[in-house]
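Grab a pencil and open the viewer: here is a short set of exercises with worked solutions. Try each task before you read on.

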Amino acid sequence: MNGPVLEVRGLEIDFVQYERGLRRRTVHALTGMDLTAVAGEVVALVGASGAGKSLLAHAVLGLLPPNAVERGDVLLDGERLDPAARRRHAGRGMTLLPQAAGFLDPLSPVGRQVRRSAQLAGSADPRRAAADALERRGLGPEVLGRYPHELSGGMARRVLVAMATLGDPRVLIADEPTTGLPPAEVRRTLGELRTMADDGCAVVLITHELRAAVEVAHRVVICRDGRTVDVADPAAFTGDGDALTHPFTRALWQALPGNGFRVAEGV
Amino acid sequence: MLQAEGIWFRYARDRPWVLAGVDLGIAPGEVVGLCGPSGGGKSTLGRVLAGHLRPDRGLVTVDGVAPHSRRAPHPVQLVLQQPERAIDPRWRVRQALAATGAQLEGVDERLVHPSWLDRYPHEISGGELQRVNLARALLTRPRYLVADEISASLDAVTQARIWTLLLEHCREAGIGVLAISHDRPLLETVAGRVLDWTAVPFGSGQDG
């Protein structure tokens, strides 16, 4: 139970691009990411947009485009898996809760998409499982017939949560699940992630909101410009941040509105 | 004074009202926060104030007159969340700033480092590009600035840095600011007063 379910060690990703004909260009997107997800825990991956958080999620699930070059190790249950092998686990043992409602198929009713998730998760009665999963999140049967554009942002988010959790995943990677939600909905979503962890799932919460991460996570991983720079204990994010050892992490904490809004020099 | 009176706006005749009778006043040098969830019409109001959208009813005035000149930059400048969408990717930073018609010697070096001037937007970081974006708005010598989620995709350190510079410039030049964000602690830190935005209730205002 306490061994790491998912382990990412020194993950580097380059994208090879061609510009103006055959001139080749390599973009270094990730330059050294480390992440460990343990069953029963929420680990938060915190960083600004462009720091490579979503890319890490897609890489772990083997969903990168063919021009991506990967170095480093991704281990599932201690076993090193290549991208193709990881992709086979996507949606089964490992699930991505994507960032935006744009990940729903716009041309297919919600009910059909949730049923498909239930089917892939191996449910004996996908129709029933889909309806139950939505009902648990306060979405009645009338939602089943709607198309994604007929849902509000909050409803679409709940549909995605329902789909992501249908298969009782062992690893859930939630990519910015709270962006743009009203505060009550944010608390609900984070609470749901915490409950999943309490039930034995290893939850990776990707977010740029440090405060939310500190509230819900067991461990906080800070990343910056494509690499992870620090792993901190949420309890250390208190007062003036004196318990935080890494200068960048401390600077982030002290720069929050309400913590002084200070601009540290030289970080 | 930037004054919006009885602003009504919808994106098409058969769409619901996004703004229904909005009144707002911002004094020179004042920083007003506008807080509320996404999808409520805050950004639409920002675009109406900056002249990007024409209201269906109501009037926006700056110091008593409705801005209309197409020859000079609009006295209300809008700065958006994503600078990469606001700056032409084929222009170097120097060119993007020069398009304001202002002298680049006047640019604050803490806002735009001189070494960035000959780079393309994708060659500097998102936080740096947002500083360029802000500098461009300030170069037009606006009377008012609408800052719509300008730091929502930046890390906390970069956020604090950009707001500190913005507030300093606006204080010096007496520029009034409308700060739009979903982040209440941020607005309480930067703004003198914070308004709670309530979206037009669904189904109301259809009479017009």
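## Exercise 1: carving up chain A

Chain A splits into domain 1 (1-93 + 171-224) and domain 2 (100-168). Bear in mind that the model is predicted.

**Task.** Work out how far apart the centres of domain 1 of chain A and domain 2 of chain A are, and which helix gives the largest share of the side of domain 1 that touches domain 2.

**Solution.**
- Start with the C-alpha centres: domain 1 of chain A and domain 2 of chain A have theirs 23 Å apart.
- Next, the contacts: 10 residues of domain 1 of chain A meet 8 residues of domain 2 of chain A.
- Helix α6 (residues 183-198) of chain A supplies the largest share on the domain 1 side, with 4 residues.
- By class, that domain 1 side holds 4 nonpolar, 3 polar and 3 charged residues.
- As a cross-check on annotation, an unreviewed UniProt entry lists residues 8-250 of chain A as "domain: ABC transporter". Over that stretch chain A is 32% helix and 29% strand, with 24 Å between the end C-alpha atoms.

## Exercise 2: where the chains meet

**Task.** Find how many residues of chain A and of chain B are in contact, then sort the chain A side by class.

**Solution.**
- The contact involves 19 residues of chain A and 18 residues of chain B.
- On the chain A side, 12 are nonpolar, 6 polar and 1 charged.

## Exercise 3: two sheets and a helix in chain B

**Task.** Write down the strand order of the open sheet of 5 strands and of the open sheet of 3 strands in chain B, then place helix α1 of chain B against each.

**Solution.**
- The 5-stranded open sheet runs β5-β6-β7-β3-β8 (chain B) and pairs in parallel. Its edges are β5 (76-79) and β8 (193-196) of chain B, each pairing on one side only.
- Ignoring direction, neighbouring strands in this sheet are turned by 20 degrees against each other on average.
- Zoom in on one pair: strand β6 (residues 144-148) and strand β7 (residues 176-181) of chain B run parallel, joined by 5 bridges. Within that pairing, Ala147(B) has Ala179(B) in β7(B) as its bridge partner.
- Now the helix: α1 (residues 42-49) of chain B packs on this sheet and touches β3 (31-35), β5, β6 and β7 of chain B. The angle between the directions of α1(B) and β7(B) is about 155 degrees.
- The other open sheet has 3 strands in the order β2-β1-β4 (chain B), with antiparallel pairing. Since β2 (19-26) and β4 (57-62) of chain B are at the edges with a single partner strand each, one side of each has no neighbour in the sheet.
- Here the average turn between neighbouring strands is 10 degrees, direction ignored.
- Strand β1 (residues 2-9) of chain B pairs with β2(B) through 6 antiparallel bridges; Gln3(B), for instance, has Gly25(B) in β2(B) as its bridge partner.
- α1(B) turns up again, lying across β1, β2 and β4 of chain B at about 120 degrees to β1(B).

## Exercise 4: buried or exposed?

**Task.** Decide whether Val93(B), Glu176(A) and Arg141(B) are buried, partly exposed or exposed.

**Solution.**
- You need the cut-offs: 20 or more C-beta neighbours within 10 Å means buried, 12 or fewer means exposed, and anything in between is partly exposed.
- Val93(B), with 25 such neighbours, counts as buried. Val93(B) sits in helix α2 (residues 93-98) of chain B. Leaving aside neighbours within four places in sequence, Val93(B) is in contact with Trp116(B), Leu117(B), Arg119(B) and Val132(B).
- Glu176(A) has 19, so it counts as partly exposed. You'll find Glu176(A) in the loop between β7 and α6 of chain A.
- Arg141(B) has 15 and so is partly exposed too. Arg141(B) is in the loop between α3 (126-139) and β6 of chain B.
- One more thing to check is the backbone. Most residues other than glycine have a negative phi. Glu176(A) has a positive phi near 45 degrees, and Arg141(B) has a positive phi of about 50 degrees.

## Exercise 5: a strand and a helix in chain A

**Task.** Which residues are buried on the two faces of strand β6 of chain A, and which in helix α4 of chain A?

**Solution.**
- In strand β6 (residues 94-97) of chain A, Met94(A) and Leu96(A) are buried on one side, Thr95(A) and Leu97(A) on the other.
- β6(A) runs parallel to strand β7 (residues 171-175) of chain A, with 4 bridges between them; Met94(A) has Val171(A) as its bridge partner.
- In helix α4 (residues 126-136) of chain A, the buried residues are Ala129(A), Ala130(A), Ala131(A), Ala133(A) and Leu134(A). They pack against α3 (110-120) and α5 (153-165) of chain A.

Terms used
Residues numbered from 1 in each chain as written. Chains lettered and ligands numbered in written order. Predicted model: local features only at pLDDT ≥ 70, side-chain atom pairs only at ≥ 80, totals over all residues. Contact = placed C-beta atoms within 7 Å. Nonpolar A, V, L, I, M, F, W, Y, C, P; charged D, E, K, R; others polar. UniProt positions renumbered as here; feature names shortened; annotations may be inferred. Domains from an automatic or database assignment. Pairing = 2+ DSSP bridges. Axes fitted to C-alpha atoms, helices over the stretch in contact; angles between N-to-C directions.
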